[in-house]
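Visitor: I would like a close look at one part of this chain, the small sheet, and then at what lies around it. Please start with the pairing and work outwards.

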Amino acid sequence: MGTAVRQPEVGEHSGKSVGYRFPPGFQRNLLWFALRKFRPANPILLFQHLAETYGDIAHYKIGPHHIVFLNHPEYIREVLVVQNDNFIKERTVQRTKMLLGEGMITSEGAAHRAQRLAAQPAFHRQRIGEYGGIIVEEAARIRDLWHAGERRDISIDMMHLTLNVVARTLFATDLREEVCELAAAINRIMGLYNFLVMLPAAEWLVHLRPPGLAAFVKARKRIDAVVYRMIAAHRRSGLDRGSLLDLMLAASPANDAASRQSLRDQVITIFLAGYETVANALSWTWYLLSENPACVVKLHKEIDEVQKGRLPGFEDVPRLRYTEMVLAESLRLYPPAWAMGRYARNDFSLGDYFLPGRTTVLISQFVTHRDPRYFPDPLRFDPDRFSTEGKAQRARFTYFPFGAGARQCIGESFAWMEGVLILATLAQKWKLQLVPGHRVEPQPLITLRPKYGMIMQVEPR
Ligand code: HEM
């Protein structure tokens, strides 16, 4: 494919659709035929079909809206990095806003920049190092509660663990009492999410509280109550522990209704972004390890050599190389952030194509990470793809579990460290084996979850 970005010819912008050059794709409007075939409940099937049939870039319409799906590193780089000023999140995050409001993930322009700047110190390397001790403490606490031979839903364990980690590290709050309530409310919302995204104007209907959506409103209220209690306790204490919550409070010191709402949005965003993603990454990793015993042997060997029987610490992370490679390969096959969307403000060029403003651009980590051109034998779990040599051979923007460009994940370093330390702490003592016959299927909601949980047997090493 031609990767050079074509400049539009003079006069091409004039005229309604004259001059546009659309990529290949569905001829008929998706609304009328393809939605039936692919069920909106699983957009990954649609994306895979587009990539297999049309290649690097595919076009379709839903009603009057143009949509392009990209599956080539050069196009992905153009949208996320080179032309990123033209691509905003607006509209593509409309439904996510129903839960998150205007936090760092959904905000735009100056509001986004201010939020990102205020939060940045909490994600500096040195701060992240300080979180290592808490992460290991929380992981060691749950590993000591497990019993040999018991069957557990590991996806719930990972959710509770990472929720506690985010609360203690970033918000200096011990949520232990409330963690089950909070996780259950978020689960409830996720369960309703599929239903909500299919409803036209769902974000508007929520305020009218029709019976079908009452559960959503109730679950959101429960989450808000925990968040507001946490903020109020922080304000009352008057202590500045330098946590992310302190940074957020300092950036919006007013205590009026609008500021309270804005703070709530920012807190809930970090909570959800920071725990759901890591918990899912870990659940998928335990699953993949359970299916690949040879990798488990290598993982145990590394952990024993590095840790010599003691708990891991932040300083061990660089030496837990294989553990990190296992996590990287798991993020390839089951990326928790499985797709991203952008909305074009103005007409734009991609390769040989020239597309109108207001086009929605979709990119899917799930699809690109499984493309055999970039990852031969893509369904095989092979952590060695992420050895130093493996990484050096691969083109950029073929692997992007944390996104790229100005909106790249702010928590990436935190997530790598947390994932490695949790794997190293738990795998030091236990081996997790998928219960035979348990159904495993990815469910693409806001994040990629195991649809039926992950029931595993806990076995001593
Ligand atoms: C394995 C774990 C994680 C994955 C796969 C992940 C993935 C992503 C991706 C793909 C984006 C970019 C979305 C886009 O451009 O549309 C993103 C943004 C973000 N992530 Fe993560 N993330 C993870 C962990 C975390 C953690 C631990 C935190 C915080 C504690 C966090 C906080 C955020 C925030 C606040 C944003 C928005 C950044 C911005 O727009 O400026 N994430 N994440």
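In which sense do strand β4 (residues 151-153) and strand β12 (residues 455-460) pair, and over how many bridges?

Guide: They pair in the antiparallel sense, over three bridges. The model is a predicted one, in which local features need pLDDT of at least 70 and side-chain atom pairs count only at pLDDT 80 or more, while totals for chains, interfaces and linings use all residues. Residue numbers start from 1 along each chain as its sequence is written. Helices (H or I, at least four residues) and strands (E, at least two) are DSSP runs numbered from the N terminus, and two strands pair if DSSP finds at least two bridges between them.

Within the pairing of β4 with β12, R151 stands opposite Q457, and D153 has I455 as its bridge partner. On β12 there is also a pairing with strand β9 (residues 430-434), again antiparallel, this time through five bridges. There K431 is matched with E459. Together the three strands form an open sheet in the order β4-β12-β9. β4 and β9 are the edge strands, each pairing on one side only. Direction ignored, neighbouring strands of this sheet are turned by 40 degrees against each other on average. In general, strands of a sheet pair through backbone hydrogen bonds, either parallel or antiparallel.

Helix α12 (257-291) lies across β9 and β12 and runs at about 85 degrees to β9. Such angles, from 0 to 180 degrees, are taken between N-to-C directions, and the axes are lines fitted to C-alpha atoms, for helices over the stretch in contact. Two residues are in contact if their C-beta atoms, placed from the backbone, lie within 7 Å.

α12 also leads to the ligand: with seven residues, this helix gives the most to the shell around the ligand. The shell holds 24 residues, the closest being G274, T277, G403, C409 and G411; a residue is near a molecule if its C-beta atom, placed from the backbone, lies within 6 Å of it. Two or more shell residues come from each of α7, α12 and α17 (412-429). By class, 17 shell residues are nonpolar, five polar and two charged. Here Ala, Val, Leu, Ile, Met, Phe, Trp, Tyr, Cys and Pro count as nonpolar, Asp, Glu, Lys and Arg as charged, and the others, Gly among them, as polar.

α12 and α7 (154-171) appear again in the cover of helix α11 (residues 244-251), which includes α5 (109-119) and α10 (214-237) as well. The buried residues of α11 are L244, L245 and M248. They sit on the same side of α11 because they cover an arc of only 100 degrees around the axis, the arc being that of the directions from the helix axis to the C-beta atoms. A residue is buried with 20 or more other C-beta atoms within 10 Å of its own, exposed with 12 or fewer and partly exposed in between.

T173 is placed in the loop between α7 and α8 (179-198). T173 is buried because 20 other C-beta atoms lie within 10 Å. Leaving out residues up to four places away in sequence, T173 touches A167, R168 and M230. The C-alpha atoms of T173 and A233 are 9.2 Å apart, although 60 residues separate the two along the chain.

Away from the small sheet, strand β5 (residues 340-344) has two antiparallel pairings: two bridges with strand β3 (residues 87-88), and four with strand β8 (residues 360-363). F87 is opposite A344, and M340 is opposite I363. The covered face of β5 carries M340, R342 and A344; the uncovered face carries G341 and Y343. In a regular strand the side chains alternate between the two faces of the sheet.

Elsewhere, helix α13 (residues 293-307) and helix α14 (residues 321-333) have axes that come within 8 Å and cross at roughly 145 degrees. C295, K298, L299, E302 and I303 of α13 meet Y322, T323 and V326 of α14.

As for the whole chain, there are 17 helices and twelve strands, and 39% of the 461 residues are buried. Of the contacts between residues at least 6 apart in sequence, 75% join residues at least 24 apart.
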